[in-house]
Amino acid sequence: MSDHGSSLKAIFYAFFANLGIALAKLAAALYTHSGSMLAEAIHSFADCGNQVLLYIGLKQAQKPADAKHPLGYGRITYFWSFVVALLLFSMGGLFSINEGWHKLHTHEPLNKAWVALLVLGVSVFLEFGSLVGCLREIKKLRGERSLAYWLRNTRNAELVVVLGEDVAALFGLVLAFVFVALAAVTGNGVFDAIGSIVIGVVLVCVSIFVGVRIKGLIVGRSAEEDLQEALAAEIAADPDIEELFRAITLQMGPQVMLAIKVRMRAGISLDAAIERINALEVRIKAKFPEVAWCFVEPDVAD
């Protein structure tokens, strides 16, 4: 499915960018003794692990339905996305804040800060590339809708997580560059420590935003409004259906379950009603491939 392919591409963009960035940051952090740089290195390594978890979630979601999970494993992606949000909060945000707090009390000077600044500059370029790749995949799904609208309404947990990580990483890199530069110019290591704390606060805020967005999907959420409206229009166009009483959709990872109750045309026989319902289910699944399950409860007019 297009959602699945877009998510995989965004995950790969982020993983390879973060891996290269993490190794460069770690080397620079050890060489310069920069707390901001070490916080950024841990953040990038955590992001690499997060991409692996998201990839595992996507692969597990492809497992076929079985007796214990009759609607498949699609929602497992929400679980792994929530785990990633927790890791971003703890390993990224809280660690960075703790590292900055420690540096505030040690006042360890930076060693050749230009090395850290060079690595941060290159990292900004690589992270920006990852963000552009993620936004490109999101564009394929959101179409002409605004990014803000897509963020509020999308059911694609993986892309929300990757976008949040990319934005947090890019913002964190810019902050790290500014505070390391201030520490280098003034010779005061306190700026580097403050930078680590600020980066940690940014990561905590992003992780809370991502966690809140994923929570609704874990609890259970309907399909996107555009799909619901299109399904209702398709059902209303059937000449043998007089009224749609109710339609329930439930997002199951990349797939959707649809359950509807309809009033059939007056005078239609039971056999004809069954035939028309089966034809409607086939037509819906063909036109809307994301609808994996379709249940129709018929009613007959008096």
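The numbered points below comment on a predicted model, taking up one helix, a surface patch and the salt bridges.

1. Helix 3 covers residues 76-106, and its length can be checked against expectation: at 1.5 Å a residue, its 31 residues should span 45 Å, and the end C-alpha atoms lie 44 Å apart, which agrees. The helix nevertheless bends by about 25 degrees at Phe 95, and a reader inspecting the segment may wish to view that residue alongside the end-to-end span.

2. Phe 12, Phe 16, Val 52, Tyr 55 and Ile 56 together make a nonpolar surface patch of about 440 Å². Helix 1 (2-32) and helix 2 (35-61) each supply at least two of the patch residues, with the largest share, 3 residues, coming from helix 2. Tyr 55 is a member of the patch that lies in helix 2, and at 31% relative accessibility this tyrosine counts as partly exposed. Because patch residues must have over 30% relative accessible area, the value of 31% for Tyr 55 satisfies that cut-off.

3. The structure holds 11 salt bridges, one of which joins Arg 145 to Glu 224, with the closest N and O atoms 3.1 Å apart. Arg 145 sits in the loop between helix 4 (113-142) and helix 5 (147-153), whereas Glu 224 sits in the loop between helix 7 (190-219) and helix 8 (225-236), so this pair ties together parts that are 79 residues apart in sequence.

4. Asp 240 and Arg 276 form a further salt bridge, their closest N and O atoms being 2.6 Å apart. The pair links distant parts of the chain, since Asp 240 belongs to the loop between helix 8 and strand 1 (241-252) while Arg 276 belongs to helix 9 (residues 270-287), 36 residues apart. The two partners fall in separate burial classes: Asp 240 is buried, with a relative accessible area of 10%, and Arg 276 is partly exposed, with a relative accessible area of 26%.

5. Both of these residues also belong to a network of salt bridges that links Glu 234, Asp 238, Asp 240, Arg 265, Arg 276, Arg 283 and Lys 287.

6. The two strands are connected through their side chains as well, for Glu 243 and Arg 263 meet in a salt bridge (3.4 Å, N to O). Glu 243 lies in strand 1 and Arg 263 in strand 2 (residues 255-264), 20 residues apart, and the pair links distant parts of the chain. Here each partner is partly exposed, Glu 243 with a relative accessible area of 37% and Arg 263 with one of 22%.

How values were computed. Residues are numbered from 1 along each chain as its sequence is written. This is a predicted model: local features need pLDDT of at least 70, side-chain atom pairs count only at pLDDT 80 or more; totals for chains, interfaces and linings use all residues. Side-chain values use heavy atoms; hydrogens and water are left out. Helices (H or I, at least four residues) and strands (E, at least two) are DSSP runs, numbered from the N terminus. The expected span of a helix is 1.5 Å times one less than its number of residues. The bend at a residue is the angle between axes fitted to the seven residues ending there and the seven starting there. Patches are made of residues with over 30% relative accessible area and no salt bridge: like charges are joined within 9 Å, nonpolar side chains (Val, Leu, Ile, Met, Phe, Trp, Tyr) within 5 Å. Accessible areas come from the Shrake-Rupley method with a 1.4 Å probe; for residues, only the protein chains shown count as cover. A salt bridge is a side-chain nitrogen of Lys or Arg within 4 Å of a carboxyl oxygen of Asp or Glu. Buried means under 20% relative accessible area, exposed over 50%, partly exposed in between (1.4 Å probe, protein chains only).
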